[in-house]
Structures are given as structure tokens and as C-alpha cells.
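Got the model open and a selection box ready? Let's walk through it stop by stop, picking residues as we go.

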Amino acid sequence: MENTTGLRENKKLRTRHRLAATALELFLERGFDAVSVADVAAAAEVSKPTLFRYFPSKEDLLLDRFADHQDEVARIVRERPPGRTPVGAVHAHFLTALAERDPITGLCDHPNVMAFQQLVYSTASLQSRVGLYTRREVELAAAGLEAEAVPELAARLAATHLVAVRHELGRVNWRRIEAGQSADEAYPAAVADADQAFGMLAEGLDRALPIPRP
């Protein structure tokens, strides 16, 4: 029975990946608005109802990977090392991601990532959908801070700022890449921006959230 369940789940995962990969290929080839859900379903050889069982909207076909990062700030704060504040933990994590050219930082000049980013930033409906993922990211981060006895309002304000800084730094870095800089060329400025942005947060939030790990 367990083996059958595992096979079924693996099949669902393969179908999900196939749908997402097919959608991305079509969106990049024709443009997001020029491709319908029916087009994606037909290319992936599934029915529209089957597609909607995996992805509730056309936008989610492309942005589902954002769901993997929705709990990232909450996880970073929860797993931070002893003596480190929430701001310090998110700052350190972002610097590491910059050094690794993680696409989530915007500092990645791989052609496939650049094409994906261009599609997201140039499509209004995708930007709107990203907002939904962002709100969920804030909710999860705020819940994590509340679990450390931070009052509800303070937790939500802190989570909002932490998430917003990460996203804004990502947009600034993407604009550098879009303007023609390589990731290596843009890296020093990206680090300086991150240090400045999180430094500004630390001046306020670290006083309001004096909760370094014991």
C-alpha cells in the first residue's frame, strides 16, 4: 500500500513538473498573455480540469516556484544561530545568497533566469500574483516572530519590513542585470546595498525586537 501511494505521488509530481516546464517554454516563446491555459494543457497532453487540479490559475503555472520561498524568512529567523537577531540572520542569509548568485536575490545572469525574470517583471498579472505570495510570506514570518513572544503588531511590522527589503533589493539587482551588467560586475554594489538596507532595519528593529538567541 505504501509503495502504491509513493508511486502515485511520484506520478503527480512528474505531471506537475511537466505542466510547469511546458508552460514556461510556451510563455517564453510567445509571451504570457498570448498563451492560454488550454494551450498549455494541450501541449502537456492533459485536460484543462487536470491542469487546474495542479495549478489554480494561469499565473501559478509560472510562479509556483515562489511558493518554495514563502516560508524562507520565517525559517531563517527560526533557525538563526545563538546571539543573532532576526535582522542579522536575514541579512547574513541574503549576503550568502548574493555570493551564490541565487536567482531570488535578482543577482543572476544565467540566460534562463534572466528570461524568467523579464517575463515576471514585464507582466502586470504576474506582478499582481507575486503580491499574493508576498503577503503569505509576511504572514508566516510574523507568526514566527509571535512564537518568540513578540507582540502581534510589532511582529507584523517587522515581518513586513524584512520581506520588503529582500524584495526591493532583488528588484534593484535585477535592474542592474537588465541594464547589461554581469552578476560579477554588479556584486559589489549589491552587497553594499544589502548592508545599507539591513543596517537601516537594524537601527530600528533590533531595538524593538531584542531577541537574540540565548
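Before anything else, a word on the labels: a helix here is a DSSP run of H or I at least four residues long, and helices are numbered from the N terminus. With that in hand, select Ser182, which sits in the loop between H9 and helix H10 (183-208). Keep in mind that this is a predicted model.

**Stop 1: around Ser182**

Show the surroundings of Ser182. Leaving aside neighbours within four places in sequence, Ser182 is in contact with Asp109 and Ile177. Is Ser182 buried, exposed or partly exposed? Its relative accessible area is 25%, so Ser182 counts as partly exposed. Now draw a distance from Ser182 to Leu63: the C-alpha atoms are 25 Å apart, with the two positions 119 residues apart in sequence.

**Stop 2: the whole chain**

Zoom out and switch to cartoon. How many helices and how many strands does the protein chain have? You should find ten helices and zero strands. Read from the N terminus, the order of elements is α-α-α-α-α-α-α-α-α-α. The C-alpha trace spans about 55 × 50 × 30 Å along its principal axes.

Colour by accessibility next: of the 214 residues in the protein chain, 40% are buried. The chain exposes about 11,400 Å², and carbon and sulfur atoms supply 54% of that area. If you like contact maps, take the contacts with a separation of 6 or more: 71% of them join residues 24 or more positions apart.

**Stop 3: the largest pocket**

Select Phe66, Pro103, Ile104, Phe116 and Gln117 and centre the view on them. Of the 27 residues lining the largest pocket, these five are the closest to its centre. The space in this pocket comes to about 640 Å³.

Which helices supply at least two residues each to this lining? Highlight helix H1 (2-30), helix H7 (111-121), helix H8 (124-146) and helix H9 (152-178), which each do. Colour the lining by class and you get twelve nonpolar, nine polar and six charged residues.

**Stop 4: the second largest pocket**

The next pocket to look at, the second largest, has a volume of about 180 Å³. To bring up its lining, select Arg16, His17, Ala20, Ala21, Leu24, Phe55, Leu61, Leu62, Asp64, Arg65, Ala67 and Asp68. Two elements, H1 and helix H4 (58-63), give two or more residues to this lining. H1 gives the most, with five residues. By class, the lining has seven nonpolar, one polar and four charged residues.

**Stop 5: two loops with positive phi**

Got a Ramachandran plot handy? Pick out Glu45, whose phi is positive, about 60°, although Glu45 is not a glycine. Back in the 3D view, Glu45 is in the loop between helix H2 (37-44) and helix H3 (48-54). Exposed means over 50% relative accessible area, so Glu45, at 73%, is exposed.

Then pick Ala149, also a residue other than glycine, with a positive phi near 70°. Look for Ala149 in the loop between H8 and H9. Ala149 has 67% relative accessibility, so this residue counts as exposed.

**Stop 6: Thr85**

For another loop, select Thr85, between helix H5 (72-78) and helix H6 (86-99). Buried or exposed? Thr85 counts as buried because its relative accessibility is 17%, and the cut-off for buried is under 20%. Show the side chain of Thr85 and the backbone of Gly88: a polar atom of that side chain lies 3.1 Å from the backbone nitrogen of Gly88.

**Stop 7: from H9 to H10**

Go to Arg176, in helix H9. Arg176 has a relative accessible area of 16%, so this residue is buried. Not counting residues up to four places away in sequence, Arg176 touches Gln181, Ala186, Ala189, Ala190 and Asp193.

Finish on Ala192, in helix H10. With a relative accessible area of 44%, Ala192 is partly exposed. Draw one last distance, from Ala192 to Leu95: these two are 97 residues apart along the chain, and their C-alpha atoms are separated by 9.9 Å.

Key. Residues are numbered from 1 along each chain as its sequence is written. This is a predicted model: local features need pLDDT of at least 70, side-chain atom pairs count only at pLDDT 80 or more; totals for chains, interfaces and linings use all residues. Side-chain values use heavy atoms; hydrogens and water are left out. On a 1 Å grid over the protein atoms alone, a cavity is a set of points where a 1.4 Å probe fits but cannot get out, and a pocket is an open set with protein on both sides within 12 Å along at least five of seven lines; lining residues have an atom within 4 Å of a point. Grid points are joined across faces, edges and corners, and a volume is the space filled by probe spheres set on the points. Ala, Val, Leu, Ile, Met, Phe, Trp, Tyr, Cys and Pro count as nonpolar, Asp, Glu, Lys and Arg as charged, and the others, Gly among them, as polar. Buried means under 20% relative accessible area, exposed over 50%, partly exposed in between (1.4 Å probe, protein chains only). A polar contact is a pair of N or O atoms within 3.5 Å; within protein, one must be able to donate a hydrogen and the other to accept it, and residues adjacent in sequence count only if both atoms are side-chain atoms. Contact means heavy atoms within 4.5 Å. Accessible areas come from the Shrake-Rupley method with a 1.4 Å probe; for residues, only the protein chains shown count as cover.
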